[in-house]
Every structure is written in C-alpha cells, then in structure tokens.
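Here are some notes on the model you sent, arranged as numbered points. Please read them with the coordinates open beside you.

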Amino acid sequence: MKCDLYVQAVEAVYACGHEGEGVSAALALTSQLLGAVGATFEVIDKATRQPLVFCSAGLPPVAGTQYVEEFAALCPRHPPVLSQQPGQLSWDYKFLDESAMDRDPFYSDFLPKNDLRYFIAAVLEQTPERIAVVSVQRSRRQGHVSDREIALMQKLCPHFQRAYMMRAQLTAVPARTDALEDAFNLLADGVALLSRDGRIVYANEALRMMAASGGDFRLDRDTVAFSSTELRSRFTAALGAALRAGDPSAAFALTDFAVPRQDGAPPYTVSLRPLSRARTDTQHNPDAVAMLLIHDPLQQNSAICRMLQELYGLTRAEAHLVQALGTGMTAVAYARSRGLSVTTVYTHLRRTREKTGWRSVAELTRRFYELNVALRAN
C-alpha cells in the first residue's frame, strides 16, 4: 500500500511539472505518504523572507493567507533553511527544542490555531535571490518526523527538484494575458465585473482574498454572497441603481453603502458603477455591464507598503500594522481583526519602533499620515 502511494505521489509531482497544475494533488499525496496534516510549496525572497509563491494542501485557506501576511517574516524555520543547499532537508529538532518552540510566537500563536506543530522541508532550488522549498506539516499529536519519514522525504526531493526545474523551463516565456485584468490585479481594492443579473464575469485577486478571509461576504460560485439579509438587499438595490444610471427616476438611488465592523475596525465600502460598451472589453468580458468595487481601509496600499519597507526596512507584516494603526485602529482591535494574539502584534510593533525610531503610536500615526498625503498628491 505504501509502495503504491509512493508511486502515485511521484507521478503527481511530475504531472504538475509538465502541466503547471495539480500542485495541490502532489502536495496532498506527499502529506498522506508521510502521515502528516498537510504540505506546502513556497518560493521565498531571501532579502525579505516573504513568500513569492505559496501553495498548500490539507491546510485551511485562512492559514495560508495569515502565514503569508503576518507570520512568514517571524518564522524561525527560515534562517536555517535559507542557508541550505538544494537537496538538503531540515526539521524542527535540528535547530529548536520544545522550550524554544513554546517561547516563539510562530510556534505558540500561529501554529496551534491551525493544529500544527512540526515540519520537515526539502530545498529544491537555491539562488542569491530566492529559495524554493517543499514542506510537510505535522500536528503535535503526530509528533516529530521519524527516520522513516526523513528517508521518504529524501527520496521524494529529487523528483520535486526535476519537476520544479521542468516547470521553470516551460514558463520561461510567459503567456500573454489580458492587460485590463493585469491592471485590476495591481489594485488593493476588490474589483469584479458583473453581468446584468449580478453574476461575476471577472474578479481580481484582491477581491478573492477578501472573500476568503471569512468576513461579511464570500464568492459563491459566480456570485457575491453577503452574510446578512440587510447587506444582500443593499447590494441588490445598489446594482439596480447602477444599471438605471441614465434613468431620471434613479437619480437619488444609492449605488454605494458602508459595511460596519465590530472591534473598533473601520467599515469597508461597497460601490457599484455602470459600464458603457466603450469601456468594456467585448472580446474577453462581453457580458459585463457593471463594476463592483470594495474598498477596505485595512487592506494594504501596496505603494505605501513598499515605501515603508524601503525607507525603514520593515517587513510586510510590520508595514501593514503601521497602515492599520494609521487609520486610527488600536493594536487590540487589529489583533482581533487579523485573528492574531496581542503578543504577536506587540512583537511587530516593538520591531517597528526599533527600525523607525518612532517612540509612540501617536508618532507612528502622524508619520504614516505624512507619507499617505504625499503619496496621494503625486
């Protein structure tokens, strides 16, 4: 049985190398083979320790999003892995004992809420700029990897390496994509193009990430599904008003509404706008008649985020915290909104103060406001 499963895992690994799809299937079979909770593949920027690519199997989507946005820069597994050569393995007790894990925010805050504790990883590629790694994630109950599992990972590593390099060669010349959709994917705001009946014709990455975060709406097949009757009614009314934009009877109908949130977090806004045929792409999105925009002040403004990172050497999570506090949000409210412990947030805040020299939250807010105004004026 284990032999058959090993063969299936290897076949799945090479399949994703040829086709560029099925990475989740390969990770799922690898996790099953090693008796684990799940598995991940990531390409890490060595300068920032942030994932450039992240895929997972067996783990909830929220865990992946929270890891990329909040905990990747805090992960104590990165430093030893970043120094390894292709083909080398790493696992917890090579560099951390149980007491060190218990003191670390990554192990004490992030991993327990996702029923995770231990790992084993294999390095696929190592360049001066990035490193590609496959990791298998284990729960506390499953315990540390055994000699058998280390041997299995060592056997799988060359297959993952060949598949990874194969895929890199096949994608050396990127396929031409739609320019409008590329532009939408640069935005921090959620954007969707809708048909007359409210069906989603296109949704950008920001909207998909907002929906996956488990808030007041989700993307249910090809529709935007709000959590309450009141929000659904507001959305339907706003869409109807947008589609009747040229009708005098709809002159005072609302095409925008705010969605309040708890825990002191600022509301996000939902806006509907009509699309004229001159502004729509009739080839790629022939059914689109309206545009949905969702603006969340807590979402990262990528330009300000890059500025904070470049000026002060902040990580993405630290820059995001500065932005949130700059909206007037408290550290406690930020922790609740992101599903983090207050300890983790204060760790980010302490590191931010050390890097910037800003002594208080009030100074941090003022400095962020100065940067934000200057950016909008350009």
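**Aromatic pairs and rings**

1. In this predicted model, the count of aromatic pairs, taken over rings whose centres lie within 6.5 Å of each other, comes to 14. One of them joins Tyr67 and Phe110, whose ring centres are 6.1 Å apart and whose planes stand at 35°, so the pair is tilted; a stacked pair would need planes under 30 degrees apart. The two partners come from distant parts of the chain, since Tyr67 lies in helix H3 (residues 61-71) and Phe110 in helix H6 (residues 105-113), with their positions 43 residues apart.

2. Both partners of that pair are withdrawn from the surface by the accessibility criterion, under which buried means under 20% relative accessible area: Tyr67 is buried at 6%, and Phe110 is buried as well, at 4%. The two residues also belong to one aromatic cluster, which is formed by Phe54, Tyr67, Phe71, Phe106, Tyr107 and Phe110.

3. Two lysines deserve a look beside the aromatic pairs. The charged end of Lys94 sits over the ring of Trp91 at 4.7 Å from the ring centre, while the charged end of Lys155 sits over the ring of Tyr6, 4.4 Å from the centre of that ring.

**The two sheets described here**

4. One open sheet has five strands in the order S2-S1-S5-S4-S3, with antiparallel pairing. Its edges are strand S2 (50-57) and strand S3 (89-91), each of which has a single partner strand, so that one side of each is left without a neighbour in the sheet. On average, and with direction ignored, neighbouring strands of this sheet are turned by 20° against each other.

5. At one of these edges, S3 and strand S4 (residues 118-126) pair in the antiparallel sense over three bridges. Trp91 stands opposite Ile120 in S4, and Trp91 is also the residue whose ring lies under the charged end of Lys94.

6. Another open sheet of five strands runs in the order S7-S6-S12-S11-S10, with antiparallel pairing. Strand S7 (200-203) and strand S10 (256-259) are its edge strands, each pairing on one side only. Neighbouring strands here are turned by 20° against each other on average, direction ignored. Helix H9 (residues 205-212) packs on this sheet, where H9 touches strand S6 (190-194), S7 and S12, and the direction of H9 makes about 105° with that of S6.

7. Within this sheet, strand S11 (residues 268-274) and strand S12 (residues 290-295) are paired in the antiparallel sense over six bridges. As a point of reference for checking the register, Val270 has Ile294 in S12 as its bridge partner.

**Helix packing**

8. How do H3 and helix H12 (residues 316-326) cross? Their axes come within 7 Å and cross at roughly 85°, and the two helices are therefore roughly perpendicular to each other, a term that covers angles of 65 to 115 degrees. The contact is made by Val68, Glu69 and Glu70 on the H3 side and by Arg316, Ala317 and His320 on the H12 side.

9. H12 has a further packing partner in helix H14 (residues 342-356), where the axes come within 9 Å and cross at roughly 95°, which makes H12 roughly perpendicular to H14. In this case Ala317, Glu318, Leu321, Val322 and Leu325 in H12 meet Val345, His348, Leu349, Arg351, Thr352 and Lys355 in H14. Ala317 thus takes part in the contact with H14 and is also listed in the contact with H3.

**A loop position and the chain as a whole**

10. Asp222 lies in the loop between strand S8 (217-220) and strand S9 (223-226), and Asp222 is partly exposed, with a relative accessible area of 32%. Leaving aside its neighbours within four places in sequence, Asp222 is in contact with Gly198, Arg199 and Ile200. The C-alpha atoms of Asp222 and Ala203, which are 19 residues apart along the chain, are separated by 9.4 Å.

11. For the chain overall, the secondary structure comes to 15 helices and 12 strands, and 48% of the 378 residues count as buried. Among contacts between residues at least 6 apart in sequence, 59% join residues at least 24 apart.

Technical notes. Residues are numbered from 1 along each chain as its sequence is written. This is a predicted model: local features need pLDDT of at least 70, side-chain atom pairs count only at pLDDT 80 or more; totals for chains, interfaces and linings use all residues. Side-chain values use heavy atoms; hydrogens and water are left out. Rings of Phe, Tyr and Trp (its six-membered ring) pair if their centres lie within 6.5 Å; planes under 30 degrees apart count as stacked, over 60 as edge-to-face and the rest as tilted. Helices (H or I, at least four residues) and strands (E, at least two) are DSSP runs, numbered from the N terminus. Buried means under 20% relative accessible area, exposed over 50%, partly exposed in between (1.4 Å probe, protein chains only). A charge sits over a ring if NZ of Lys or CZ of Arg is within 6 Å of the ring centre and within 35 degrees of the ring normal. Two strands pair if DSSP finds at least two bridges between them. Axes are lines fitted to C-alpha atoms, for helices over the stretch in contact, and angles run from 0 to 180 degrees between N-to-C directions. Contact means heavy atoms within 4.5 Å. Angles under 35 degrees count as roughly parallel, over 145 as roughly antiparallel, 65 to 115 as roughly perpendicular and the rest as oblique.
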